[in-house]
Amino acid sequence: HPPFSGWEGVAAKARQKRPHRLETERAAAAAALSPSGECPLREPAAAPAGWRYNCSAYSAQLREALLPWSSGGLSPTAIDMVFWNEMYPPANKAEQPSLHLSLAAGELTYAWQPADGLPGAAPPRNSSDAAALRGLRRASALVALPPVEVVAHSSRLPKVPAQNPEPVLSPVADAAHSDVVAPAPWAWEAAAGLPRAAPCPAALQ
């Protein structure tokens, strides 16, 4: 399906960010993505020994992935629309993301939908979606993450065609897709089991 700006009369209502807010956010992003930038730890969080919370190794990749929205153009309505079951007719069901995530005040809430059903249930405990949720809860307990609302999936194949700039987090991407790469839940689980050998949830880096 083509890129969307609205659906059935629902407008995305995204507005340009004000210059002062945009300048502040760009400065914060530049600091976080610099070689010396580190995410602030929660106190008195007992961070695993040897882990670092530094995303600079992935700064170029993050900047490229988020470039389409660097000046705004994204709204809560647009995020909601990316998750709507109705956005994906039968021919496009493979593109449907499985997780709608909200992180506020350190609390993670979510909606989950299987590939062939509607939202409302919880992912199976042994699924990669459940692993992604466990990783996010662990990360938010250790690191002071900002309030954020995102749509994601944990499939081992990318979902968003390159011509569709839809902000969907994914553990994988390729030249034919525009999924925004995020830590893979299986990498997080491996790192969490071996804290001294892992570079950080540097799956989270």
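**View 1. Helix α2 gives the most to the lining of the second largest pocket, with three residues.** The model shown here and in the views below is predicted. Two elements, α2 (59–66) and β7 (180–181), each give two or more residues to the lining of this second largest pocket. The lining comprises 14 residues in total. Nearest the centre of the pocket lie Glu64, Ala65, His177, Ser178 and Asp179.

**View 2. The second largest pocket, seen by volume and by residue class, has a volume of about 230 Å³.** Its lining holds seven nonpolar residues, together with three polar and four charged ones. Among the residues nearest the centre, Glu64 and Asp179 count as charged and Ala65 as nonpolar. His177 and Ser178, which also lie nearest the centre, count as polar.

**View 3. Five strands form an open sheet with mixed pairing.** The order of the strands across the sheet is β4-β3-β5-β6-β7. Strands β4 (107–112) and β7 are the edge strands, and each of them pairs on one side only. Strand β7 also appears in the pocket views, since it is one of the elements that give two or more residues to the lining of the second largest pocket.

**View 4. Strands β3 and β4 form a hairpin.** Strand β3 covers residues 99–104 and is joined to β4 by six bridges, the two strands running antiparallel. Two bridge partners can be followed in this view: Leu103 is matched with Leu108 in β4, and Ser102 is matched with Thr109 in β4. Two residues lie between the strands of the hairpin. In the turn, Ala105 has a positive phi of about 55 degrees.

**View 5. Strand β3 also pairs with strand β5 in the antiparallel sense.** Strand β5 consists of residues 148–152, and five bridges link β5 to β3. Within this pairing, the bridge partner of Leu101 is Val150 in β5. In the order of the sheet, β3 stands between β4 and β5.

**View 6. Arg156 lies over the face of Trp186.** The distance from Arg156 to the ring centre of Trp186 is 3.9 Å. What is the count of aromatic pairs? With ring centres required to lie within 6.5 Å of each other, the count comes to zero aromatic pairs.

Conventions:
Residues are numbered from 1 along each chain as its sequence is written. This is a predicted model: local features need pLDDT of at least 70, side-chain atom pairs count only at pLDDT 80 or more; totals for chains, interfaces and linings use all residues. Side-chain values use heavy atoms; hydrogens and water are left out. On a 1 Å grid over the protein atoms alone, a cavity is a set of points where a 1.4 Å probe fits but cannot get out, and a pocket is an open set with protein on both sides within 12 Å along at least five of seven lines; lining residues have an atom within 4 Å of a point. Grid points are joined across faces, edges and corners, and a volume is the space filled by probe spheres set on the points. Helices (H or I, at least four residues) and strands (E, at least two) are DSSP runs, numbered from the N terminus. Rings of Phe, Tyr and Trp (its six-membered ring) pair if their centres lie within 6.5 Å; planes under 30 degrees apart count as stacked, over 60 as edge-to-face and the rest as tilted. A charge sits over a ring if NZ of Lys or CZ of Arg is within 6 Å of the ring centre and within 35 degrees of the ring normal. Two strands pair if DSSP finds at least two bridges between them.
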